[in-house]
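Welcome! Here are a few short exercises, each with a worked solution. Please have a look at the sequence and the structure before you begin.

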Amino acid sequence: MKGDQIDTGLLVEEHSDYLLSFAMSKLRDIDLSKDLVQDTFLSAITKIDTFENRSNIRTWLTSILNRKIIDHWRRAETRYTDPISSFFNQDDSSKHWILDKKDNATNETIEDEIILEETNNDLFECIGKLPEKWKGVIASKYLDEKVSEDICKELDITPSNLWVIIHRAKLLLRDCLQKRDVR
Amino acid sequence: MKDCQEITGLYEQGKINRISISDRIAIRSHKMICKLCRQYFKDSDLMDVILTKKYKDLRKYTFSTSEKTKMKKVLENN
C-alpha cells in the first residue's frame, strides 16, 4: 500500500474515535489525547510505505499511538510545572475540581466517585502491564466489542490461543488489582 | 480429574466457544468441591462486567464532525 493510495478521510472516519478511546484509557486528558491521535495520523501517512498489509491497519495505528504516549510520558517526567501559576490560572474559578464533576455532589457522595475513579486508574495501569498482544486482545474484546472470530483473524491467533490469553490475562489482572487492594 | 488451572481455563473457553457436555459437567462438579475456583468464576464474571463498563465509558470520547474535517484537511496537506 502506497501513501497516495490510502484514503486519509476514510482512515480518520474509521479509526479516530477508537484511537481516542485508547489514548484516554492511558492518559485521561482529552486535549492531549486528541493531539496525540492527530500526531498518530500524521506519522502514519508519512510512514505508510512501512506498513505491512499482513497486519491490521488499526493495530498498526494503535502501536504508533502507543509509542507517542510513551514518548509523552518520558517528556512529562522531566517537565517542570509551576504549582502557583496553575493555582491562579484556573479556567473557570466557579467550578470545583471534583465536586462539580457530578451533579448535586456532596463530600459524602463524591467518595464513591473517587473510589470508582481510582479503580479506573488501577485497572488501566494493570492492563498496561500485560504483554502487548494481550492488551490488543483485551482492547478488541472490550473496547471494540468484536466477536471472537474477528479478534482471532485480526491478531492472527487461534481460537484456543484466544481463551488461553484471556484466562491468563484475567489471572494477572486479578493479581495486580488485589495487590492494590481495590477489589 | 482436571486441576484448577484446567477447570478455570475451560470456564473461559466456555464463554467463547461451545464446550462439550463432559467439560461442562467437569466444571460443575469441580465447582462443588473447590472454593478457589468458585471465587475465580465470580471474579472472572466481575472482570467481564467491569472491563465492559470501563471501556464503554471511554467510548463517550469522540471527535466532533468539525474536528474530523479539520484533521482530514491537515492530513491531505501533508
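**Exercise 1: Placing one residue**

A:Arg168 is found in helix α8 (residues 159-179) of chain A, where helices (H or I, at least four residues) and strands (E, at least two) are DSSP runs numbered from the N terminus. This is a predicted model, in which local features need pLDDT of at least 70 and side-chain atom pairs count only at pLDDT 80 or more, while totals for chains, interfaces and linings use all residues. Residues are numbered from 1 along each chain as its sequence is written, chains are lettered from A and ligands numbered from 1 in the order in which they are written, and side-chain values use heavy atoms, with hydrogens and water left out.

Task: Find out whether A:Arg168 counts as buried, partly exposed or exposed.

Solution:
- Step 1. Recall the classes: buried means under 20% relative accessible area, exposed over 50%, and partly exposed in between (1.4 Å probe, protein chains only).
- Step 2. A:Arg168 has 45% relative accessibility, so this residue counts as partly exposed.
- Step 3. Look across to A:Trp134: the two residues are 34 apart in sequence and 9.1 Å apart in space, C-alpha to C-alpha.

**Exercise 2: Checking a helix length**

Task: Work out what span helix α2 (residues 30-46) of chain A should have, and compare its end C-alpha atoms.

Solution:
- Step 1. The expected span of a helix is 1.5 Å times one less than its number of residues.
- Step 2. Helix α2 of chain A has 17 residues, so the span should be 24 Å.
- Step 3. The end C-alpha atoms are 25 Å apart, which agrees.
- Step 4. Now place this helix in its chain: chain A comes to eight helices and zero strands, and 42% of its 183 residues count as buried. Buried residues of α2(A) include A:Leu36, A:Val37 and A:Phe41.

**Exercise 3: Sizing up the interface**

Task: Describe how many residues chain B and chain A bring to their contact, and how much area is buried between them.

Solution:
- Step 1. Contact means heavy atoms within 4.5 Å. Chain B gives 34 residues and chain A gives 37 residues.
- Step 2. Buried area is the accessible area (1.4 Å probe) that two parts lose on being put together, summed over both. Here it is about 3,700 Å², with 66% from carbon and sulfur atoms.
- Step 3. B:Lys54, B:Tyr55 and B:Leu75 supply 19% of the area that chain B buries against chain A, more than any other three residues.

**Exercise 4: Following the charges**

Task: Which residues are linked with B:Asp48 in a network of salt bridges?

Solution:
- Step 1. A salt bridge is a side-chain nitrogen of Lys or Arg within 4 Å of a carboxyl oxygen of Asp or Glu. Seven of them cross the interface of chain B and chain A.
- Step 2. B:Asp48 sits in helix α3 of chain B and, at 17% relative accessibility, counts as buried. Its side chain meets that of A:Lys170 in a salt bridge (3.0 Å, N to O).
- Step 3. Within chain B, B:Asp45 forms a salt bridge with B:Lys15, the closest N and O atoms being 2.8 Å apart. B:Asp45 lies in helix α3 and B:Lys15 in helix α1 of chain B, so the pair ties together parts that are 30 residues apart in sequence.
- Step 4. The network links B:Asp48 with A:Lys170, B:Glu12, B:Lys15 and B:Asp45.
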